[in-house]
Amino acid sequence: MPLVTFLPPIKAEHNLSMEVYPKELSRHLHEEKLPIRTSIFEPSNSKATAQDTSLQKGLGLHQPLSGQLYAKYVGYPAEVAHISSSIVHITDHSYGHLMQNVSNKKVVVTCHDLTLLQYAKQLAKNPEARDRIALFNYS
């Protein structure tokens with residue numbers, strides 16, 4: 001029976017709707033009695049203190065990634081590298097960068113909105129906002 005593994009956002013983001021979404025998807029699939037198994041991956045939420053600056057340099061970021069951003073863009077990708085599943089479903093498009101680290105060939109990414117793209121030119125004047133846009137594009 002195929003296994004679908006959901007990759008939710010890290011809990012440190014405190015985004016309740018994105019935390020509920022994979023749980024509800026999993027529940028619904030079970031209720032439909034489809035011939036699949038589901039699993040929800042639990043990222044560690046670790047906020048590393050040692051900084052890997054390669055991503056920062058590669059994206060031309062003005063400030064180092066720290067805390068929650070470090071966990072999202074460095075820690076979480078390292079954690080998902082060894083997931084063994086038939087299908088991996090990234091439940092928030094801002095985590096699309098995880099696709100690079102998942103060894104599966106079958107990956108689903110749910111895209112909820114692209115509002116940031118409408119304001120990219122206006123935000124580009126602020127260095128911190130430029131970093132967020134660079135990370136968004138990376139995802």
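Are F41 and Y76 buried or exposed? In this predicted model, both F41 and Y76 are buried, and the tour returns to them once the sheet around which the first stops are arranged has been brought into view.

**The sheet**

Select the strands to begin with, and follow an open sheet of four of them, whose order is β2-β1-β3-β4 and whose pairing is parallel. Colour β2 and β4 separately, because these two stand at the edges, where each has a single partner strand and so has one side left without a neighbour in the sheet. Looking along the sheet, you will find neighbouring strands turned against each other by 20 degrees on average, if direction is ignored.

Strands of a sheet pair through backbone hydrogen bonds, in either a parallel or an antiparallel manner. For a parallel example here, display residues 3-7, which make up β1, together with β2, since four bridges join the two strands. Within this pairing, V4 has T38 of β2 as its bridge partner, while the bridge partner of F6 in β2 is I40.

**Helix α1 and the crossover**

Now add residues 16-31, helix α1, through which the chain crosses on its way from β1 to β2; this β-α-β crossover is right-handed. Helix α1 packs on the sheet, where it touches β1, β2 and β3, and its direction makes about 165 degrees with that of β2.

On this helix, select E19, which has its place in α1. Apart from its neighbours within four places in sequence, E19 is in contact with K11 and H14. A distance drawn between the C-alpha atoms of E19 and L7, which are twelve residues apart along the chain, should read 10.0 Å.

**T91, after β3**

Move next to T91, in the loop that runs between β3 (87-90) and β4 (107-109). How large is the relative accessible area of T91? The value is 0%, and T91 is therefore buried, the cut-off being under 20%. To display what surrounds this residue, leave aside the neighbours within four places in sequence and select F6, L7, P8, P9, M18, Y21, P22, T110 and H112, with which T91 is in contact. F6, already visited as the bridge partner of I40, thus appears again among the contacts of T91.

**The aromatic cluster**

For the last stop, show the side chains of F41, Y76 and Y95, which ring pairs link into a cluster. The structure holds two aromatic pairs. F41 and Y76 form a stacked pair, with 6.0 Å from centre to centre and 15 degrees between the planes. This pair links distant parts of the chain, as F41 belongs to the loop between β2 (37-40) and α2 (54-59) and Y76 to helix α3 (residues 67-80), 35 residues apart.

Y76 also pairs with Y95, here in an edge-to-face arrangement with 5.6 Å from centre to centre and 65 degrees between the planes. Distant parts of the chain are again linked, Y76 lying in helix α3 and Y95 in the loop between β3 and β4, 19 residues apart.

Why does Y95 count as buried? Its relative accessibility is 0%, and Y95 therefore falls under the 20% cut-off; Y76, at 1%, counts as buried as well. Finally, add K72 to the view, where this residue lies over the face of Y95, at 4.5 Å from the ring centre.

Conventions
Residues are numbered from 1 along each chain as its sequence is written. This is a predicted model: local features need pLDDT of at least 70, side-chain atom pairs count only at pLDDT 80 or more; totals for chains, interfaces and linings use all residues. Side-chain values use heavy atoms; hydrogens and water are left out. Buried means under 20% relative accessible area, exposed over 50%, partly exposed in between (1.4 Å probe, protein chains only). Contact means heavy atoms within 4.5 Å. Rings of Phe, Tyr and Trp (its six-membered ring) pair if their centres lie within 6.5 Å; planes under 30 degrees apart count as stacked, over 60 as edge-to-face and the rest as tilted. A charge sits over a ring if NZ of Lys or CZ of Arg is within 6 Å of the ring centre and within 35 degrees of the ring normal. Two strands pair if DSSP finds at least two bridges between them. A crossover is right-handed if, with the strands pointing away from the viewer, the path from the first strand over the helix to the second runs clockwise. Axes are lines fitted to C-alpha atoms, for helices over the stretch in contact, and angles run from 0 to 180 degrees between N-to-C directions.
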